[in-house]
Amino acid sequence: MKESKPYNIPKKIVLEAYKLIKANNGSAGIDGVDFEKFEKNLKNNLYKVWNRMSSGSYFPSPVMSVEIPKKSGGTRRLGIPTITDRIAQMVVKMYVEPKVEPMFHEDSYGYRPHKSAIEAVGQARKRCWKYDYVIEFDIRGLFDNIDHELLMKVVERHVEEKWIRLYIVRWLKTPFELKDGTKVERSAGTPQGGVISPLLANMFMHYVFDKWMCRNFPYAPFERYADDAVVHCRTEKEAEEILKMLDGRMKSCKLELHPQKTKIIYCKDEDRKREYSNVEFDFLGYTFKGIFIKYKTGRMGKNFIASASKKSNKLFREKMKALEIHKKTGCKIEMIAENINPIVRGWINYFGRYNAEAIKYSLDCVERRLIRWAMCKYKRFRRHRRMAEKWLSNVRKREPNLFAHWNYRNRNVVKN
């Protein structure tokens, strides 16, 4: 006998949603069930998700609240849903994303298929050469402060399915649960860490910012990555006008510009020599500022370019230090390479795209850590650093692709 449910959700969609969230991995939620436990009774667990969603009886569990450190200092609250709730959210995302993705602005880069942060950096880099001023802004606690009523107006405008609307409302109202078991009710926001949250945030910001900018200031291009964005302006007056209007727009949508992270920048270089208080800004891990570079003609000049920021470099070096490579004396050098290459390669692929010189010191630090490992592993090197350096140099000549940073230095790189 065929099961009849109020909502028609194919079982295969639930299975596909599970495969997608498993690929993203992640820890257990408030119920303590990780992927290993969930898969012990996988078929039955997936059936329960489908049955509850199809019948309208699905109610999410409280979201586990975890405080994680922010790069700028302080902490950010991250919400970790259970695996069951992540599957349900992925099911909804699979329905909603294809509907709204075509309407999103081409310069909205965050949490979108076929879009990336490095694309946003590249576009900002090009526009800084054409426009003299930039408005750098950040929305204070976007994911914590999105107004539920305003967000649901956007959802209802684009989502016809009643069951999707129903479950989105339930997710928005689901409380946080702290370590001590205390539940924190929520009247705004969509938990950062939820599968559906980035999509909902993009839908909200499409109307709050992207579409508003196109309607009111079509002559001022921008790049936005979630709550982090830059706007390009031709004059200081234009920038001041847009920033004033933007502040009012955010307040009317119950959001707030971060006062310390919002400012007007002058793109100062050898052709733009005006004295100005702010002449550099950070965007997606890169610092944009005027620095002296060597042009293809051989001439030196000051150009406004993007380089890996000091903070990004420092975080990378700290991450490499935390691996404590020098203590892994029981490992062969091939095992060390296997351990660090994914980290180094990913970092190079992102921060080595522009101005390769800016990451040279950090890559040198990787080399120094390998030399220290060799000195700890081989007794004959313990008091002879130069011998360890020579040994590592010989390894590099024999196997130039063994380490990701060796391979990077051996090939041609993109320069500003």
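Q: Where does pLDDT stay under 50, and how many contacts beyond four places in sequence does the model have there?
A: In this predicted model, residues 412–416 are the stretch where pLDDT stays under 50. The model has 13 contacts beyond four places in sequence for residues 412–416. pLDDT is the predictor's confidence on a scale from 0 to 100, so values under 50 fall in the lower half of that scale.

Q: What is the mean pLDDT of the chain?
A: The chain has a mean pLDDT of 91. Of its residues, 96% reach 70 or more.

Q: What makes glutamate 101 and arginine 112 a salt bridge?
A: The closest N and O atoms of glutamate 101 and arginine 112 are 2.6 Å apart. The cut-off is 4 Å, so the pair qualifies. Both residues lie in the loop between helix H4 (83–100) and helix H5 (117–130), so the pair ties together parts that are eleven residues apart in sequence. In the whole structure, 19 salt bridges are found.

Q: Into which domains is the chain divided, and what separates their centres?
A: Domain 1 covers 63–79 + 101–257 and domain 2 covers 310–414. Taken over C-alpha atoms, their centres are 37 Å apart.

Q: How do you know that domain 1 and domain 2 are in contact?
A: Contact requires heavy atoms within 4.5 Å, and seven residues of domain 1 meet this with five residues of domain 2, so the two domains touch. Together they bury about 570 Å², with 72% of that on carbon and sulfur atoms. On the side of domain 1 that touches domain 2, three residues are nonpolar, two polar and two charged.

Q: How many salt bridges does the rule find across the interface of domain 1 and domain 2?
A: Zero. The count of residue pairs in polar contact across this interface, with both at pLDDT 80 or more, is also zero.

Terms used
Residues numbered from 1 in each chain as written. Predicted model: local features only at pLDDT ≥ 70, side-chain atom pairs only at ≥ 80, totals over all residues. Heavy atoms only, no water. Domains from an automatic or database assignment. Buried area = accessible area lost by both parts, 1.4 Å probe. Salt bridge = Lys/Arg side-chain N within 4 Å of Asp/Glu carboxyl O. Polar contact = N/O pair within 3.5 Å; in protein donor to acceptor, adjacent residues only side chain to side chain. Nonpolar A, V, L, I, M, F, W, Y, C, P; charged D, E, K, R; others polar. Helix = DSSP H or I, 4+ residues; strand = E, 2+ residues; numbered from the N terminus.
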